[in-house]
Amino acid sequence: MTANALPQFIRKADPAVLTAFGCIILLLVIGGIYSRSFLSPEYLLQQLKVASFLGVIATGMMLVVLLGQIDLSVPWTVTAGAMMACAVAAYGPVGVALAIPFGIFCGALIGAINGIGVAYLRIPSMIVTLATNAVAQGIMVIYTGGFSPQDSATDAMRYLATGTILGIPNAAIIWLILGVATVFVLGRTSFGRSVYGIGNRERAAYLSGINTRRIVMIAFAASGALSAFGGVLLAGYASKAAQSMGDAYLLPAIAAVVLGGTSILGGRGSYMGTVAGVILITLLQSILSVMQMPEAGRQITYGLLIILMLLLYGRSPAIR
Amino acid sequence: MKDWQYRLAEHRGTLIALAIFIVMFAIYTANHPAGFTANVVQTAANKGALLAFVAIAQTLVVITAGIDLSVGMILLLTNCLASWVVVGSPMETAFGAVLVLLAGAACGALNGAIVIYGRLQPIVATIATGAVFYGVALLLRPFPGGSVNEDLADALTGKIFGVVPASLIVLLAVILLVWIPFSHSVYGRAAYAAGSSEPAAYISGMPIRRGKFLAYTLAGLVAAIGGLFLTFFSYTGEAAYASGNAYTLFSIAAVVLGGVSLFGGKGSAVGAVFGALAFRTIGDLLFVFDLDPLWQPLFQGLILLAAVSLGAFALFRVKNRLEWFL
């Protein structure tokens, strides 16, 4: 009876998502106590803008994790997307117009190679994505000669990453549009339902007549494209691409997805959880940097937090 | 099949890795300006041994159907620790070295405890512990520096009797004192069995948990030996994120080249050692052929991609299409 007394949206909600939102409120309170300016609208909007970059990348990661796979090629896909967009921008007005699509296209290409490896060659996803990450790094190192490239981001990229509409950062609007689209695709299309089905049991999905290999392939390509789009936005934010700009996004992207209650084994998870995870990670990063925590402390905090949350929600069933 | 055919089939991966290594090393020395001399062999052995230790560590985990993405970070952590403690008088140095090995084993045991008793996926669990280990390494050495007992370092990276590289002797000792006893023990068999089919091993009453835990712990220990050797080569400790990641990546390439199945239950650390030596030699081929060093990351990435794609040839043996879908 008491359970029925609760509003339906609370009863249906995943405890992991509720915990993540609870942690966000806790972090806001701690931040507010630590510094008054932490709760000012300007600062929070700034945090939302920073969160959007991670949000775009984590959306792709979530698609792949829902399949029960993982994408470890995020770091150099982000960098490749950023570098290629900036590189094309150097080729006159046509290049400037094509900068953003071309950056995303490069990411989709890396993702498609991952997808071929996982779906058709049956290579474990962590292995093939590690390998394509190394190849993408190799290509970028040759392209740049080992230095950060001199090409700079186009005005359109800068506008998308740093501009505002009615005071709301454009990056946050992009994330919102992307989020609504993702919720629609995951919940209301056969592609989305297939993703959940494959994550639960690929064999059963295959026997139900789903072309599982094509779905896996598309999901990896989408993940690569979104990582590269995140890179394009980051390049717009920083005005240029840099070596190893993507390294800082692999762990937070996985952490955001996992903290949001998406099962690392696949087949279970909601986009709201990922949104909560992204905001949680961004706030945590921001508090740690406000407290002037060194890089070492941040790495340890991330690692411990991921393990802790996984121990709470992400355990495999015991064999019995 | 006769008895020897079974034995050949069991060691096929190791023998292929040995063959690849011999061919690559022959090409390497034939084109090296100095040729096949003790010094060339020593340099190659030192570089190869470092990766070989990490590859042994990775093998120990991979045979249990797990993966250790933190192995490179354990290497960094023990490297940074060694640059503090492996100094001073012989007694202090010995004590420091033991401390480094214990630290490595503790890292491995932590991974094992989280994966086995916490029942987390090895991929994500070791990425997360890898971040923790890297953080600790960074705490120990925010900037590259430190020192090491140079007499010991020179002895272990030099040549014995002016011919045999000492690092190869240590590598052999690790195989004989860690790998062979482990893989022939009940726990080692249990680790293999758990990698092959965990429910079957469980039903057969094998000590799978202790076997896997021992495998993870020994992996940390062997990675720490690698960390000690890294310190002996460089005389310093450095928490370089990219280099830790590279070692993790190369260790996976080495075990795949060495015939260790990433699905668990199959392969040997001896094969992984030859895989590591072969991988290093292939990477060094670029230098003897005077190619631009900028091409090295791409070259190594492509080797890795080719090596992991080799595992896909198992598809040709699939009899039932449903086997494609795990």
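This report describes the interface between chain A and chain B, a nonpolar surface patch and the salt bridges of a predicted model.

## Extent of the interface

In this predicted model, the contact between the two chains involves 50 residues of chain A and 46 residues of chain B. The area buried between chain A and chain B is about 4,500 Å². Carbon and sulfur atoms give 78% of that buried area.

Polar pairing across this interface was also examined. The rule finds zero salt bridges between chain A and chain B. The count of residue pairs in polar contact between chain A and chain B, with both residues at pLDDT 80 or more, is likewise zero.

## The side contributed by chain A

Five elements of chain A each give two or more residues to the side that touches chain B: α7 (125-144), α11 (202-207), α12 (212-238), α13 (250-259) and α15 (295-313). Of the elements, α7(A) provides the largest share of this side, with 12 residues.

By class, the side of chain A that touches chain B comprises 32 nonpolar residues, together with nine polar and nine charged residues.

## A nonpolar surface patch

On the surface of chain A, the residues A:Leu26, A:Ile30, A:Tyr34, A:Val290 and A:Met291 make a nonpolar patch of about 440 Å². Helix α3 (residues 15-34) of chain A supplies the largest share of the patch, namely three residues. Another member of the patch, A:Met291, is placed in the loop between α14 (271-290) and α15 of chain A. Helix α15 of chain A is also among the elements that give two or more residues to the side touching chain B.

## Salt bridges

Over all chains, the structure holds three salt bridges. One of them joins A:Glu202 to A:Arg122, with the closest N and O atoms 3.4 Å apart. This pair links distant parts of the chain, the two residues being 80 residues apart. A:Glu202 lies in helix α11 of chain A, whereas A:Arg122 lies in the loop between α6 (92-120) and α7 of chain A. Both α11 and α7 are listed among the elements on the side of chain A that touches chain B.

Conventions. Residues are numbered from 1 along each chain as its sequence is written. Chains are lettered from A and ligands numbered from 1 in the order in which they are written. This is a predicted model: local features need pLDDT of at least 70, side-chain atom pairs count only at pLDDT 80 or more; totals for chains, interfaces and linings use all residues. Side-chain values use heavy atoms; hydrogens and water are left out. Contact means heavy atoms within 4.5 Å. Buried area is the accessible area (1.4 Å probe) that two parts lose on being put together, summed over both. A salt bridge is a side-chain nitrogen of Lys or Arg within 4 Å of a carboxyl oxygen of Asp or Glu. A polar contact is a pair of N or O atoms within 3.5 Å; within protein, one must be able to donate a hydrogen and the other to accept it, and residues adjacent in sequence count only if both atoms are side-chain atoms. Helices (H or I, at least four residues) and strands (E, at least two) are DSSP runs, numbered from the N terminus. Ala, Val, Leu, Ile, Met, Phe, Trp, Tyr, Cys and Pro count as nonpolar, Asp, Glu, Lys and Arg as charged, and the others, Gly among them, as polar. Patches are made of residues with over 30% relative accessible area and no salt bridge: like charges are joined within 9 Å, nonpolar side chains (Val, Leu, Ile, Met, Phe, Trp, Tyr) within 5 Å. Accessible areas come from the Shrake-Rupley method with a 1.4 Å probe; for residues, only the protein chains shown count as cover.
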